[in-house]
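Please look over the sequence and the model shown below before reading on. The report is written for a reader who has not met this structure before.

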Amino acid sequence: MAKLFMALKKVESSKVQKALGWSTFRYLVFSHQFYVLLLCLGIDISYLNVMATLSLVYGIASVLPIFSIADALVKGSLALTIFGY
């Protein structure tokens with residue numbers, strides 16, 4: 001574990017900032033695509049509710065330790081449960 005932290009400390013901060021920037025951009029694109037999809041399907045939900053719920057779903061789904069095969073099923077059912085409220 002100590003070797004992992006030593007290797008992470010050697011990564012340049014500019015590379016970390018670039019990765020975080022692209023990750024944020026990717027998250028924003030996917031979130032807004034989902035919002036547009038909801039609008040196209042005629043689902044009446046406010047923008048703030050969608051973004052807050054998506055943040056919650058993504059956060060919980062990223063913390064859950066699951067295998068990649070069951071990943072889609074767990075994230076889908078989690079999203080349906082949270083959006084159901």
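What follows takes the helices in turn, along with a surface patch and one residue pair.

## Helix 2

The structure is a predicted model, and the description can begin with helix 2, which covers residues 13-40 and has 28 residues. From its first C-alpha to its last, helix 2 reaches 40 Å, which is close to the 40 Å expected at 1.5 Å a residue.

Ser31, Tyr35 and Leu38 are buried in helix 2, and the buried residues of this helix pack against helix 3, which covers 47-63. Just after helix 2 comes Gly42, a residue that takes a positive phi of about 80°.

## Helix 3

Helix 3, the partner in that packing, has 17 residues and reaches 25 Å from its first C-alpha to its last, a span close to the 24 Å expected at 1.5 Å a residue. The buried residues in helix 3 are Val50, Met51, Thr53, Leu54, Val57 and Ala61. When helix 3 is seen down its axis, these buried residues fall within an arc of 165°, so they line one face of the helix. The face of helix 3 turned away from that buried side carries Leu48 and Val63, which are exposed.

## Ala61 and Gly76

Ala61 has its place in helix 3, and with a relative accessible area of 8% it is buried, because residues under 20% relative accessible area are counted that way. Ala61 and Gly76 are 15 residues apart in sequence, while in space they are 9.5 Å apart, taken from C-alpha to C-alpha.

## A nonpolar patch on the surface

On the surface, a nonpolar patch is formed by Leu4, Phe5, Leu8, Val11, Val16 and Leu20, which together have about 550 Å² of accessible area. Which helices each supply at least two residues of the nonpolar patch? Helix 1, which covers 2-9, and helix 2 each do so, and it is helix 1 that gives the most to the patch, with three residues.

Leu4, one of the residues that form this patch, has its place in helix 1. Leu4 counts as partly exposed because its relative accessibility is 45%, a value that falls between the limit of under 20% for buried residues and that of over 50% for exposed ones.

## Bringing the helices together

Helix 2 thus appears in two settings: its buried residues pack against helix 3, and helix 2 also supplies at least two residues of the nonpolar patch.

How values were computed. Residues numbered from 1 in each chain as written. Predicted model: local features only at pLDDT ≥ 70, side-chain atom pairs only at ≥ 80, totals over all residues. Heavy atoms only, no water. Helix = DSSP H or I, 4+ residues; strand = E, 2+ residues; numbered from the N terminus. Expected span 1.5 Å × (residues − 1). Buried < 20%, exposed > 50% of the residue type's maximum accessible area, 1.4 Å probe, protein only. Contact = heavy atoms within 4.5 Å. Patch = residues over 30% accessible without salt bridge, like charges linked within 9 Å, V, L, I, M, F, W, Y side chains within 5 Å. Areas by Shrake-Rupley, 256 points an atom, 1.4 Å probe, with all protein chains shown as cover. Salt bridge = Lys/Arg side-chain N within 4 Å of Asp/Glu carboxyl O. Arc of directions from axis to C-beta.
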